[in-house]
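Subject: Structure handover

Hello,

Here is the structure I promised to pass on. Please open it alongside this message. My notes follow below.

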Amino acid sequence: MNSTTSEASTAPIPLSRKPSERGSPDAPARGKTACIRTFGCQMNVHDADRMRRMIQDAGYAEVQRYEDADLVILNTCYVRENAVDRVKGHLGELNRLRREGRVKRVALTGCIGAAEESQSLQKTYNIDLVLGTHNTYELAEFVGLPTMRETYTPELPGTEGEHSAFVTIMTGCNYQCSYCIVPTVRGRMTCRPMESVVREIENLVAGGTGYVTLLGQTVDAWRYQGKRFCDLLEAVSDIAPRVWFTTSHPSNMEDRTLRAIGERDTIVKRLHLPVQSGSDRMLNVMHRGYKAERYRRKISVFREAAPEGTLSTDIIVGHPGETEEDHQQTLQLVEDCEFDSAYIFKFSPRRGTEAADLPGVVPDAIVQRRFLEVLRGVEQNAFRRNQRKVGNMEEIFIRHGATEDGKAIGETWSGHAVHVDSDAAPGTYVTATIESAGPHVLYARIRN
Ligand code: SAM
Ligand code: SF4
């Protein structure tokens, strides 16, 4: 990890697989090729799965390099400024390849596509198609398929038949956090009907999927016809052999859900609950809707329900107005909650959000120091907690098969990322002993 960048993750490797591991396209190539590059969160990875379906149905073969592609789709993230800068770099490169006649068409999709800035990008970089997050279905027509109906609650499963799948249960977000562009680019919350989610998961499981992740910006805010998130989670955990969900909001997280994580065998005992700050003053400025003490209480319920489980969070350092006292309170919360991992972000002003215009901008050097202090706090705790796993025999779900070094990447039921010496196929389980542990990952060996 590069701790000098504007964000850091002490989290285990995300669930998404590399495009090359998603299976080769089964549709006939007919000479047309497309490359999908995805930036950002798991919602974007899932959107990419849906677009992959469309291009495959339209007869495109998926390739991994821009220079081999007739059509390039940049599926983007808009949450922080550096994400936009990265995409601009890719667009410049694509323009060069287009001038050389190697790439024919470029589409920009995802959260940047939904933002106002996309209009100027389209002009500057001659982008052929710009789509937001709510009209991804229009890609179908662009690649020569019949026009699709608009749908705000995507019915399209992403990865049916493969060992793991993301299932979107809600889109958008009803919160208005001071710093966040998501409500602007993804709109208000829409929850997908329970029967539709259950039906999709039944089909996935019948097709061989062994691991289902329920997705949404605030999954625990899901509600439908009197049912709440925990009802849905319980129903899903009765069907799927392995279940996880992300991302949750502390204000919506019910004790009942936290207890279900501990009680239900098929739910991975891993909770991602973004806190953002340990200071009540900052939580108020950010409009998070809870106080640090309430967050701590939720965590104690989770720890009691799943003592071996893993807890991760998101933290923003350097939000406008953040004082040294606020920062110290965040460090204290990190200490108290003993996170197993965290995504730590330096505040990035997003045009159109409240925080972009707030006074009290924190100087870069101070942000950098606070960032490193939070990172150090999280890593120390994570290392200490991971050490407790050494010597344990664990059942490990293989997510990525072994690379040249002979190590596969898997996940324990406690949600720890593990490197294990095994040639087992993705989607299968192995039992192995944890031999050592770093702050981010455990190392296991299968004893004969
Ligand atoms: N819905 C989730 C929640 O409320 O916890 C988070 C979704 S957001 C895409 C992921 C994370 O990005 C946030 O939890 C926050 O820590 C970070 N983030 C969002 N906007 C940011 C900004 N302007 N600057 C820095 N980090 C930001
Ligand atoms: Fe953004 Fe807040 Fe909604 Fe999360 S809850 S997506 S941080 S506005």
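Start with Lys 389. This lysine counts as buried, at 4% relative accessibility. Please bear in mind that the model is predicted.

What does Lys 389 form a salt bridge with? The partner is Glu 308, and the closest N and O atoms are 3.8 Å apart. The two ends come from distant parts of the chain, 81 residues apart. Lys 389 sits in the loop between helix 12 (364-387) and strand 17 (393-400). Glu 308 sits in the loop between helix 10 (292-305) and strand 15 (310-317).

Salt bridges elsewhere

The whole structure holds 34 salt bridges. Two more of them are worth a look.

One joins Arg 369 and Glu 324, with 3.0 Å between the closest N and O atoms. It also links distant parts of the chain: Arg 369 is in helix 12, Glu 324 is in helix 11 (residues 324-337), and 45 residues separate them. Both count as partly exposed: Arg 369 has 33% relative accessibility, and Glu 324 has 32%. The pair belongs to a network. Salt bridges with shared partners connect Glu 322, Glu 324, Arg 369, Arg 370 and Glu 373.

The other is between the side chains of Asp 128 and Arg 98, at 2.6 Å from N to O. Asp 128 lies in the loop between helix 3 (117-125) and strand 6 (129-130), and Arg 98 lies in helix 2 (residues 81-99), so the salt bridge ties together parts 30 residues apart in sequence. Is each partner buried or exposed? Asp 128 is partly exposed, with a relative accessible area of 35%. Arg 98 counts as buried, at 18% relative accessibility.

The sheet

Next, look at an open sheet of 3 strands. Its order is 7-10-13, and the pairing is parallel. Which strands are at the edges? They are strand 7 (164-168) and strand 13 (243-246), each of which pairs on one side only. From one strand to the next, the twist averages 25 degrees.

Strand 7 pairs with strand 10 (residues 211-215) over 5 bridges, in the parallel sense. To find the register, take Ser 164: its bridge partner in strand 10 is Tyr 211.

Finally, a helix goes with this sheet. Helix 1 (residues 42-57) lies across strand 7, strand 10 and strand 13. It runs at about 100 degrees to strand 7.

Best wishes

Notes: Residues are numbered from 1 along each chain as its sequence is written. Chains are lettered from A and ligands numbered from 1 in the order in which they are written. This is a predicted model: local features need pLDDT of at least 70, side-chain atom pairs count only at pLDDT 80 or more; totals for chains, interfaces and linings use all residues. Side-chain values use heavy atoms; hydrogens and water are left out. A salt bridge is a side-chain nitrogen of Lys or Arg within 4 Å of a carboxyl oxygen of Asp or Glu. Helices (H or I, at least four residues) and strands (E, at least two) are DSSP runs, numbered from the N terminus. Buried means under 20% relative accessible area, exposed over 50%, partly exposed in between (1.4 Å probe, protein chains only). Two strands pair if DSSP finds at least two bridges between them. Axes are lines fitted to C-alpha atoms, for helices over the stretch in contact, and angles run from 0 to 180 degrees between N-to-C directions. Contact means heavy atoms within 4.5 Å.
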